[in-house]
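Subject: Structure handover

Hello,

Here is the structure I promised to pass on. Please open it first, then read my notes below.

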Amino acid sequence: MKRKKQVTVCGAVIFCVAVFALYLMLDRVQHDPARHQSGGNFPRSQISVLQNRIEQLEQLLEENHEIISHIKDSVLELTAHAEGQPALPHHPPNASWVLPPENRPSFLSVSPQDCQFALGGKGQSPDLQMLAVYSLLPFDNQDGGVWKQGFDITYEPNEWDTEPLQVFVVPHSHNDPGWIKTFDKYYYDQTQHILNSMVLKMQEDPRRRFIWSEISFFAKWWDNISAQKRAAVRRLVGNGQLEMVTGGWVMADEANSHYFAMIDQLIEGHQWLEKNIGVTPRSGWAVDPFGYSSTMPYLLKRSNLTGMLIQRVHYSIKKHFAATQNLEFMWRQTWDPDASTDIFCHMMPFYSYDVPHTCGPDPKICCQFDFKRLPGGRINCPWKVPPRAITDANVAERAQLLLDQYRKKSKLYRSKVLLVPLGDDFRYDKPQEWDAQFLNYQRIFDFLNSRPELHVQAQFGTLSDYFDALYKKVGIVPGMRPPGFPVLTGDFFSYADREDHYWTGYFTSRPFYKSLDRVLESHLRGAEILYSLALAHARRTNAYRRYPLSDYALLTNARRNVGLFQHHDAIAGTAKEAVAVDYGVRLLHSLTNLKRVIINAAHYLVLGDKNMYHHDPAAAFLDMDETRSSQDSLPERTVVKLDISPRFLVVFNPLEQERLTVVQVLVDSPHVRVLSEEGQPLPSQLSTIWSSAVDAVPDVYQVSVLARLPALGLRVLQLHKSLDGHATPRSSTRLYLYGRELPVQKPKALPLHIFPAAADDFCLENQHLQACFSGRSGLLQSVRQTGEERGHKVSSEFVVYGTRTSKDKSGAYLFLPDGEAKPYVPKDPPVVRVMEGPLFSEVASYYQHVQTVVRLYNVPGVEGLSLDLSFLVDIRDHINKELALRLSTDIESDDTFFTDLNGFQIQPRRYRQKLPLQANFYPMPAMAYIQDMQSRLTLLTAQALGVSSLRSGQLDVILDRRLMQDDNRGLGQGLKDNKRTCNRFRLLLERRTTANKLQDERPISFPSLLSHFTSMHLNAEVLVMPVAQEKLALSALRSFVPLAITLPCDFHILNVRTLQAEDDSVPSAEAALLLHRKGFDCSLEAKNLGFNCTTSQGKLALGGLFQGLELSSLQPTSLTLMYPLGMASNSTNIHLDPMEIATFRIRLG
């Protein structure tokens, strides 16, 4: 009782301080999150005084209404506590479960300045905005003559008399790290020979040049070559003959990849280059990704690259940009007010990056200058005119023919400097090809350069040679905007290479692996952060030598496997079946290893006495939360066996914010209680586990616990076998069989009510939402927010897209539907199961090809503010069908919808009737939303999938696709290796409080803070690790709380990545800290977040961030740590602008 009074007094004091602070006109409410307030007898008189005071403050501070309303909510919560609410859920007769209010009010305090960012208004408008370009173009696909998708190019012979044409021919070999063959097979069959020949052949003539992009291959080759050969490579790089372009681990897919992985593979490649060759990439080269995201230019710019090149852009855009000489531009981010994100971008003008489509507009002529196709070789020219070796007798005629193509191509650009790539997939794998290309071209160059009357200077060059020459010509520093060149904002999705062949199928192809990739990324981030923290803490004690430093090699391997999978034929789902299996095996191998790294770090960090730490590789201290039996199987969760002595769980929260969440664990007995570390009972719920629609799994139960987890921390929980009356509240289940005669395997210990008919329509609700369902289908029909009189129509259904009957059909890349989707008609009506409990309720519907679960959490905070959706899809008996989820609402979104790019930024989209249906699909790596003046509905996703809005108020998401044929893009296979795949989403309905039509028409949009947090909860699930030892003293374990301060809630710790020492497999004492400040929209209501959310105008004191660790050095660097930014200072205070990602080289100890 004494403690209760003390806590109550503390609560009153804190509350008065908060109100007093408001009285002083401060616009920020500080609230001490570390102080636990309990319920108690809060004096009623004091509460009424506070409420009166708040009424006065409302008049004083109208603009701070957001904070005021939260204080009011908090007062009401405290009032409820004064009336003695129970701490655990209770079930009043004939009513739903009631969960008491959180015993700790939460605040949202967003600085008004931080709301200005999403409103924009600063900075100049770009010359080219891609949404506007799309509105302008007719997309009419007229025949352009020899350049089929373009137009006739003409020039005057004397155009170069005053300023000669400068031509850079750039030899390259595009090496896919897996596509038709696996990564290793490509390496042994081709790549190693390309690189070995490169070292020999480049040394034969100092005028030769070559560029290389994929560091995954280069690193494997490097490990297998002699010191002598390595020295030769360093010389070639040093003298400018060999350039490493982009320098990523792979040439990443830009549609499906998440920005965490895009950055990670860039860091992995750049760190490798710096350590082994001592070189920093200057130019980006992306000839093969199937469309381009505006995230990539931002990442390259922040990595200090000054130029970049792209190729696979819609042929109509290429034609338009060529006609207006806009193929080279400064690519700028939509939110950028001061041009700090500008990077120079070169767009290739023609159909492909192969030789026939790179020297000029006529492929029939250009093919004659691909000397690998000389008669007698394995490949020839489809235009039936073969190349001819260059001799003294024919050089004049041949050179003149080629120069004509060069001149025509140069007319499409603004400068008199011309880039001509010379290469293709896996080119230069034989010494004969090096000789054929380099000797013949050199003869042409020598001839052209010896004829002043031709006004041309031709040579081999690297990509940076080209960019440098262009900048020199216009007389400015590389990276700056050349005078007269346009500024562009937006992206280049979706891509079509000819006719109506839109590459929008790969946004969904092989969703099983797209999902596995994201699980792996989440584990990689969690493992990196915990490993870095465990290592730093171990260094402070004598445990450092006992810590398994070998885990660093597992981390490196996982980084490289995640990096490899970002390749544009891997995560895209466009590789051969055997190659997909190879990727899957690598991903699963790394997932298992990362769980091991997390377990080892957690073991060290939760030990009360670090001297007791002993790492035993044969017997892990913690069990894994789940296992996968093979690379294409779904996870199986670990079952904890209960005994007389308590079992302990260590729960890891990978988020940088404290998290109030429902933690779920499987146990072998229904007699279970869950206690906190201190021995306090926690709100919990017992549920049945089902193996099918009607079969309960015997002797396995799910216990769900409401727990508050520290940011990036580990919380210890106790599981007790309870044989007395203190049982965990049990959920009850209703099973509707819809007239089907099905035998039911009933659960032993939990109530089940079986109804032979279908249900009537019904609703589930919590304190924030009411979700209503169709009794016949079990599918969602409407959602109503608390406080609203009527709900929104939000109905879900399944639809099926077919493919064409003509010669061109959908495949791994292309989506070529046979018209609009048709309703999904299952063989049998669904079995519907409704489960209700204190912490969550759910509706499961079992159809022939898809099982759906819609769950509503009855908890305060982020998890209770949205619906949790999962779809277990199995279309292995479909033929040429694509299964889609369609959400239909009464939101008046017209033709506008919004999709994210790489989980980093939002791109507004328009449904365009002038384009075919498939052209209106876009990638959705993290979220899509539709909105009107009153509401926004966001679908957040845990895996990348294709999405569109084909009608006002509607969203279509392709869940899986099964296609029986190749789509003629080189793969030579259909998509027939479908797996049982679980697609997971959150559905969030938000009120818009200050919508503005003018604002909505801008080509930029941002999620709300709540939407950001919901996405993080969905993608960074908690890990529940049972302590393996069955008999362990509770005193041996202690929860780990790593952060000493609460981060501003628009800051995200993207990674804390331990850097390697000189030896590859050993960690150094330094780490890379990556921070991202998210841009957000304040016009959406943000109540009841469940944690204290404040923003700080981008300021953060890193010095006191990590509890028990000292930040002994802090050096801001470029994104991939290649360049220090400014001097390392003693100050540990940093500032970040919204949307910016910053990297710091830090030392913790």
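Let me begin with Asn141. Its relative accessible area is 35%, so Asn141 counts as partly exposed. Asn141 sits in the loop that runs between α5 (130-136) and β3 (165-174). Its phi is near 50°, a positive value in a residue other than glycine. Please keep in mind throughout that this is a predicted model.

Stay in that loop for a moment. Tyr155 is also found between α5 and β3. The side chain of Tyr155 makes a polar contact of 2.7 Å with the side chain of Asp404. Tyr155 also touches Trp160, Arg407, Lys408 and Lys411, leaving aside residues up to four places away in sequence. Now look back along the chain to Leu128. Tyr155 and Leu128 are 27 residues apart in sequence, and their C-alpha atoms are separated by 26 Å.

Next, a helix pair.

Helix α7 covers residues 215-222, and helix α8 covers residues 227-238. They pack at an angle of about 140°, with their axes 11 Å apart. Why is this pair called oblique? Angles over 145 degrees count as roughly antiparallel and 65 to 115 as roughly perpendicular, so an angle that falls between those ranges is oblique. On the α7 side, the contact is made by Phe218, Trp221 and Trp222. On the α8 side, Lys229, Arg230, Val233 and Arg234 take part. By class, this contact has 4 nonpolar residues, 3 charged residues and no polar ones.

Two single helices deserve a look as well.

Helix α9 spans residues 259-276, which makes 18 residues. From first C-alpha to last, α9 reaches 26 Å, close to the 26 Å expected at 1.5 Å a residue. How many of its residues are buried? The count is 16 of 18, so α9 is mostly covered. Gly278 follows α9, and the phi of Gly278 is positive, near 75°.

Helix α17 spans residues 551-565 and has 15 residues. Its reach is 21 Å, close to the 21 Å expected at 1.5 Å a residue. α17 is mostly covered too, with 12 of its 15 residues buried. Among the buried ones are Asp551, Tyr552 and Leu555 near the beginning of the list. The list also includes the run Ala558, Arg559, Arg560, Asn561, Val562, Gly563, Leu564 and Phe565.

Now the stretch between β12 and α16.

Ser494 lies in the loop between β12 and α16. A cis peptide bond joins Phe493 to Ser494, with omega about -5°. Arg510 is found in the loop between β12 (487-489) and α16 (511-539). Is Arg510 buried or exposed? Its relative accessible area is 7%, so Arg510 is buried. A polar contact of 2.9 Å joins the side chains of Arg510 and Asp977. Leaving aside residues up to four places away in sequence, Arg510 touches Gly573, Thr574, Ala575, Lys576, Glu577 and Ala580. It also touches Gln973, Leu975 and Asp977.

Move on into α16 itself. Val519 lies in this helix. At 22% relative accessibility, Val519 counts as partly exposed, because buried means under 20%. Val519 touches Leu591 and Arg628, not counting residues up to four places away in sequence. Its C-alpha atom is separated by 28 Å from that of Tyr801, which is 282 residues apart from Val519 along the chain.

Further along, go to strand β27.

β27 covers residues 792-801, and Phe798 is found in it. Relative accessibility is 5% here, so Phe798 counts as buried. What does Phe798 touch? Its contacts include Leu779, Pro823, Tyr824, Val850 and Thr852, not counting residues up to four places away in sequence. Phe871, Leu883, Ala884, Leu885 and Leu959 are on the list as well. The C-alpha atoms of Phe798 and Met347 are separated by 39 Å, and these two are 451 residues apart along the chain.

One last residue to check is Gln1097. Gln1097 is placed in the loop between β45 (1093-1094) and β46 (1099-1101). Its phi is near 55°, again a positive value in a residue other than glycine. At 27% relative accessibility, Gln1097 counts as partly exposed.

Best wishes

Key
Residues numbered from 1 in each chain as written. Predicted model: local features only at pLDDT ≥ 70, side-chain atom pairs only at ≥ 80, totals over all residues. Heavy atoms only, no water. Helix = DSSP H or I, 4+ residues; strand = E, 2+ residues; numbered from the N terminus. Expected span 1.5 Å × (residues − 1). Buried < 20%, exposed > 50% of the residue type's maximum accessible area, 1.4 Å probe, protein only. Axes fitted to C-alpha atoms, helices over the stretch in contact; angles between N-to-C directions. Contact = heavy atoms within 4.5 Å. Nonpolar A, V, L, I, M, F, W, Y, C, P; charged D, E, K, R; others polar. Polar contact = N/O pair within 3.5 Å; in protein donor to acceptor, adjacent residues only side chain to side chain.
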